[in-house]
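This note is offered to a colleague who is about to examine the pockets of the structure shown here. Comments are set out as numbered points.

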Amino acid sequence: MSDERRIQEVLARYVRATDQRDGKAQGALFTDDAVVQSFSRTGPGSHEPVAPPLIGGAAVAYAVDHYMVPHPVGGSSHHVTADHIIEVDGDRARMNAQFIVFRIQAAARPESGWPDGAFGSQGTVQPIESGYYDTDLRWIDGEWKIVGHHILLDTPYVIAGM
């Protein structure tokens with residue numbers, strides 16, 4: 001497998017862990033000194049921090065497990081990434097990718113079953129976030145690890161109490 005594909009797979013695992021609210025899996029993708037920072041767009045080409053940075057995989061795992069809102073019954077999220085730009089230089093790499101996050105909410109199945117004529121997907125799929133992931137990685141002990149991760153959100157993002 002090429003380095004570029006391995007690096008792209010790190011991001012695939014990252015978004016799946018986010019969607020599954022699996023802090024342990026997400027934290028394992030980062031080094032102990034990784035810096036993770038989220039930013040909201042404030043204008044063309046400019047962003048401001050949403051919150052203080054997270055330092056290290058353990059902090060990332062804690063944030064996923066304690067700060068992310070659990071999905072409601074029948075609900076989930078689904079990240080889609082695209083247009084990965086990956087540059088590898090020896091044991092260091094940089095990746096930039098676009099993302100969109102969708103909120104999924106399954107319709108509750110009626111006790112009497114679906115009505116006659118019901119067909120296909122029952123529920124809603126709604127885009128809720130978009131932006132770019134700007135990620136630095138390092139090859140450590142036979143795998144690519146995230147050492148820096150900027151989440152550049154296209155819209156303002158509010159965290160309660162901040």
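The points below concern the two pockets, their linings and the elements that contribute to them.

1. The structure is a predicted model, and the remarks that follow should be read as describing that model.

2. The largest pocket has a volume of about 1100 Å³. Its lining comprises 40 residues. Nearest the centre of this pocket lie Y67, M68, E129, Y157 and I159.

3. Which elements give two or more residues to the lining of the largest pocket? They are the helices α1 (3-20) and α3 (57-67), together with the strands β1 (30-43), β4 (75-89), β5 (92-106), β6 (123-140) and β7 (143-153). The largest share, 5 residues, is supplied by β5.

4. By residue class, the lining of the largest pocket consists of 27 nonpolar, 10 polar and 3 charged residues.

5. The second largest pocket holds about 190 Å³ of space. Around this pocket are M1, R6, E9, V10, R13, A28, L29, W139, G142, E143, W144 and K145. Two elements, α1 and β7, give two or more residues to this lining, and α1 provides the largest share, 4 residues.

6. How many residues of each class line the second largest pocket? There are 6 nonpolar, 1 polar and 5 charged residues. Among the charged residues of this lining are R6, E9 and K145.

7. Finally, α1 and β7 deserve attention in both contexts: each gives two or more residues to the lining of the largest pocket, and each does so for the second largest pocket.

Conventions
Residues numbered from 1 in each chain as written. Predicted model: local features only at pLDDT ≥ 70, side-chain atom pairs only at ≥ 80, totals over all residues. Heavy atoms only, no water. 1 Å grid on protein atoms, 1.4 Å probe; cavity = no way out; pocket = protein on both sides within 12 Å on 5 of 7 lines; lining within 4 Å. Points joined across faces, edges and corners; volume = space filled by probe spheres on them.
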